[in-house]
Amino acid sequence: MRYELMLPHQIRKAIAENWPVALPLGVLEYHGEHMAVGMDTLAVIKTLELFENERDVVILPPFYYGAASYAVAPPEGSGSVQVGGNQLAPFGEELFYSLLRIGFRNIHAIIHHQTENFAAGMPTDLAFKTAGRQAIFRFLEKQRGEGWWGSETMADYYAGHAAGENFFNWVQVHPLMPAAMNGKYPFDHAGIGETSLMLALCPEAVDADRFADNKGWYTASAKEASAELGEEGVAMIMANLKQILQS
Ligand SMILES: [Zn+2]
């Protein structure tokens, strides 16, 4: 369900049943002359909408204003919007803290932008990972008081941890395309991989008449894109979402 359309009794049900709560996290960035600047975020939104047809999930309003960077193109006339990670982290902490206060314990930000080396991290996902950790510490200290971890009630912490319990799983950040997709689907920026994803998920974000206007090396393969290839990527993404978004 889309969070902004939920009634309080539906929110309470989602909390009681531990539905995953998904934040589409992304950027607005130049993606060549042929594709919309919202591509990275649209890919997350559209796949979550498909996921919602099959599973219980709360979809938060998307956050488009991540750190696009100007690595691909300067912003003048290109459309890239850059908000730095140091500015994003405080926003993310307030957002996650608020979601914890509401009662959610199964929160997931999903991002596609700059995720080819996700383990090391990039500014937007690192900012939201930090934000999640900060929010959880703050929430636990408010709820249980300082010294909560050292108290006797936590004596089984390591046993519980070994069994998979972990407060720090309450907020997680994931790449839309997991590392396991490497070699099976093209990772690129505005090339055949991303363009095919948009043709499958959001064709109005691609204008084939503009392929010839592209000058960047990274867009050279875009004209070979197809909705059929994009569907293969979507199937892999959906399989991954079913792994990470469980009640
Ligand atoms: Zn992209």
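Q: In this predicted model, are D40 and E194 buried or exposed?

A: A residue counts as buried when its relative accessible area is under 20%, and in this structure both D40 and E194 are buried.

Q: Which atoms coordinate the zinc ion?

A: To read a metal site, one looks for the donor atoms around the metal. Here the zinc ion is coordinated by H31 through NE2, by D40 through OD, and by E194 through two OE entries, at 1.9 to 2.4 Å.

Q: Why is the arrangement around the zinc ion irregular?

A: Ideal angles are 109.5 degrees for four tetrahedral donors. Four donors count as tetrahedral if all angles lie between 85 and 135 degrees, whereas the four donor atoms around this zinc ion subtend angles of 55 to 138°, and the arrangement is therefore irregular.

Q: How are the donor residues of the zinc ion spaced in sequence?

A: The spacing follows the pattern H-x8-D-x153-E. Because D40 belongs to helix α2 (residues 39-52) and E194 to helix α6 (residues 192-201), the pair ties together parts that are 154 residues apart in sequence.

Q: What lines the largest pocket, and which residues are the closest to its centre?

A: A pocket can be described by its space and by its lining. The largest pocket holds about 370 Å³ of space, and of its 17 lining residues the closest to the centre are Q114, E116, D188, H189 and E194. By class, this lining has six nonpolar, six polar and five charged residues.

Q: Where does D209 lie?

A: D209 is found in the loop between α6 and α7 (227-244), and D209 is exposed, with a relative accessible area of 68%. Its C-alpha atom is separated by 9.6 Å from that of E33, although D209 and E33 are 176 residues apart along the chain.

Note on methods. Residues are numbered from 1 along each chain as its sequence is written. This is a predicted model: local features need pLDDT of at least 70, side-chain atom pairs count only at pLDDT 80 or more; totals for chains, interfaces and linings use all residues. Side-chain values use heavy atoms; hydrogens and water are left out. Donors are N, O and S atoms within 2.8 Å of the metal (3.2 Å for Na, K and Ca); water is not among the atoms, so sites may look incomplete. Four donors count as tetrahedral if all angles lie between 85 and 135 degrees; four count as square planar and six as octahedral if opposite donors are over 155 degrees apart and all others between 65 and 115; anything else is irregular. Helices (H or I, at least four residues) and strands (E, at least two) are DSSP runs, numbered from the N terminus. Buried means under 20% relative accessible area, exposed over 50%, partly exposed in between (1.4 Å probe, protein chains only). On a 1 Å grid over the protein atoms alone, a cavity is a set of points where a 1.4 Å probe fits but cannot get out, and a pocket is an open set with protein on both sides within 12 Å along at least five of seven lines; lining residues have an atom within 4 Å of a point. Grid points are joined across faces, edges and corners, and a volume is the space filled by probe spheres set on the points. Ala, Val, Leu, Ile, Met, Phe, Trp, Tyr, Cys and Pro count as nonpolar, Asp, Glu, Lys and Arg as charged, and the others, Gly among them, as polar.
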